[in-house]
Amino acid sequence: MPRSQARRRAAFIGLGAVLLALTGVSVLGTVATRHVATTARTASLLAEAFHRAHEAVSAEDIAEQQYRLEPERHARADHADAAVALEVALKDIEARGGTADQTLVAQVRTLQRQYLAAIEDLFLAVDRANPTEIRRIDDNEAGPTSAQISNLLHDAEEAQDATSLDASNRLDKVERWVFVATLSSFAVGLGMIVVFALVASGYQRRLVRQAMQDELTGLPNRSVFIARTADALPGGPSVLMVDLDRFKEVNDTLGHQCGDELLRQVAARCAAALRTTDTVARLAGDEFAILLPATGAQDAARLAGRVQAELHRSFELGTVTVDIEVSIGLASAASGTADELVRCADIAMYTAKETKAGIAAYNPGMHTEDSSRLQLLGDLRRALEAEDQISLHYQPKVSLADGAVCGVEALVRWRHPERGPIAPGDFIPVAETTGLINRLTLYVLRHAVAQSRAWMDAGRELTVAVNLSPRCLLDPGLVDDVTRLLSTHGVPAARLRLEVTESAVMANPAQATATLKQLHDLGVRLSIDDYGTGYSSMAYLKQLPVDELKVDRTFVMNMDTDHDDAVLVRGAVELGHNLGLTVVAEGVERETHVAALRALGCDIAQGYHYAKPMPAADLELWLQARHPAFLF
Ligand code: C2E
Ligand code: CA
Ligand code: CA
């Protein structure tokens, strides 16, 4: 950029200098020409006046000779006319000439006066027919004076002729010089204008290019992409939206230069994986779009797979090797505008990202889902910042052996400012599709641990259980967060229990197990939640550092009417005990449940039979009312 700016400035300055020089040359040329032309003109006018004066002197001479031959009146009149002509010429010379000319005129006039006086005498001598006198005057007075005048004028005329000639020569030269200078500066100016036009048009071309192209990758930008998609619509195109899943991480940990390099390589690989008729564009940040003209959904999916495979190969960024994951959304044109097609691909891409599917094809169901989902996520994000919409309710867990309250489960509650209470089942699954679940979990943990501290201070022996979503087990910051919260509030780890489902562990057994081990090592208690709803694997259950098994409420609630459910609950109690775990029954709603569970040897019960989840203040009242003897 700065280089091209400098070039543009140089072109401007150059053009300005040449225009200035051009003007200078023409002004100088005009002044010089005018000066020399004036000199030449004056010289030639003077030469002409001297010539006339010289002629007049000759005419006087002729008239004098004439009168001497035939003394008639007209000869004298001719003589007088010639004298007048001389005076007129002298006046001209006086008016046009310089000081030297004026001195000369004065000299001539003095001589002329002497001459005229002599001529008067001569004419008298002619009238008297006195040849001796005539010859005397002619030889001694009139003749020499006339010759003197004639010589003076003749010399002056010649001098002026020379000056005039010289000046006109100079004029020629100046004219030639001005011509050459004008022509050459005009040529230079023309050249500069050409250069300037080239620079300016190059600049313009770059501006146009910048308006159409992503500078980093050289790919077309969004507006060009939309325009090309619109052009391709009649042929039935497909659009792929490609988003890098861990780009921010690369940027944050390796720096922007590496991030830029990664984007450039991604651009190149996308282009390499496609046909020449396809268009790859960079829409924003780490978002690329691909237009596949005249391509149906099936072929588009195949090409999406090719792009994905290409991008899943490692990237070499300088000395580091980086692996990224991509999410690709696919939409094929059915009807509608280019913008709509791109938006559909975008929605599909978000679905691919959230479901971790890699590639997802758009279906109309995503659309409505999408807007309300996004709305909910936005509201939840704000709710987590507002701190007054989200609270915790606590549900007691009661020992079936002695009726003691051995702990509580913390359950999140959201009171939406417009929609009122929203059930966890309506927003937790949505939060779980994004990283927002991690923030929600941290929020719940923070409040639960703070409440635990309050109970400690009040002398209450209560373990508080917090639910962890599958994603939380993959959150590398979870263990640190828990450690920090416990130490901040001075709560022993054993007072915190974390509930996870089997399916959460099965989603990524290695990482989930590692996280649970770390939590266990801290001293945190762990439970398997909703037991019976997923596929159970004894092998994993055995390996996990858990000490409690919670049988899902759907089985407990029906165990007194449904034989299969009763069998499952019995099996769960036996399995749990075989593994050395405490068994908890959820959804205990009736006295008959309590009796049946006690008969099976179940350890702990939780359910509406005892209490619904409630705020900490209500729980306190409930505990006080129950004490000292609440028997089943
Ligand atoms: P869950 O972990 O199985 O929690 C127990 C659910 O059973 C709670 O529903 C509770 O109110 C309900 N329940 C308790 N006793 C009875 C009963 O006797 N009968 C019936 N029908 N239901 C009973 P809730 O509070 O609506 O929570 C629903 C689910 O939402 C929870 O199931 C849990 O998976 C999730 N959840 C709630 N709070 C959190 C949280 O803070 N973090 C996470 N990750 N999930 C949470
Ligand atoms: Ca639970
Ligand atoms: Ca449960």
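**Exercise 1.** How far is a nitrogen atom of ligand 1 from an N or O atom in the side chain of E589? Identify also the other polar contacts of ligand 1 in this predicted model.

*Solution.* Begin with E589: an N or O atom in its side chain is 2.6 Å from a nitrogen atom of ligand 1. Turn next to R553, where a polar side-chain atom lies 2.8 Å from an oxygen atom of the ligand. Finally, take the backbone: a polar backbone atom of V412 is 3.1 Å from a nitrogen atom of ligand 1. Each of these pairs meets the cut-off for a polar contact, N or O atoms within 3.5 Å.

**Exercise 2.** Describe the surroundings of ligand 1, from its pocket to the elements of its shell.

*Solution.* First, locate the site: ligand 1 sits in the second largest pocket. Secondary-structure elements that give two or more residues to the shell are β9 (405–416), α11 (424–431), β13 (525–531) and α18 (553–558). Among these, β9 supplies the largest share, four residues. Next, consider the residues themselves: 21 surround the ligand, and Q395, R413, R553, E589 and Y608 come nearest. Sorted by class, the shell holds nine nonpolar, five polar and seven charged residues.

**Exercise 3.** State the domain bounds of the protein and the separation between the centres of domain 1 and domain 3.

*Solution.* The domain assignment gives domain 1 as 12–212, domain 2 as 222–363 and domain 3 as 379–625. Taken over C-alpha atoms, the centres of domain 1 and domain 3 are 122 Å apart.

Terms used. Residues are numbered from 1 along each chain as its sequence is written. Chains are lettered from A and ligands numbered from 1 in the order in which they are written. This is a predicted model: local features need pLDDT of at least 70, side-chain atom pairs count only at pLDDT 80 or more; totals for chains, interfaces and linings use all residues. Side-chain values use heavy atoms; hydrogens and water are left out. Domain bounds come from an automatic or database domain assignment. A residue is near a molecule or strand if one of its heavy atoms lies within 4 Å of it. A polar contact is a pair of N or O atoms within 3.5 Å; within protein, one must be able to donate a hydrogen and the other to accept it, and residues adjacent in sequence count only if both atoms are side-chain atoms. On a 1 Å grid over the protein atoms alone, a cavity is a set of points where a 1.4 Å probe fits but cannot get out, and a pocket is an open set with protein on both sides within 12 Å along at least five of seven lines; lining residues have an atom within 4 Å of a point. A molecule sits in a cavity or pocket if more than half of its atoms lie within 2 Å of its grid points. Ala, Val, Leu, Ile, Met, Phe, Trp, Tyr, Cys and Pro count as nonpolar, Asp, Glu, Lys and Arg as charged, and the others, Gly among them, as polar.
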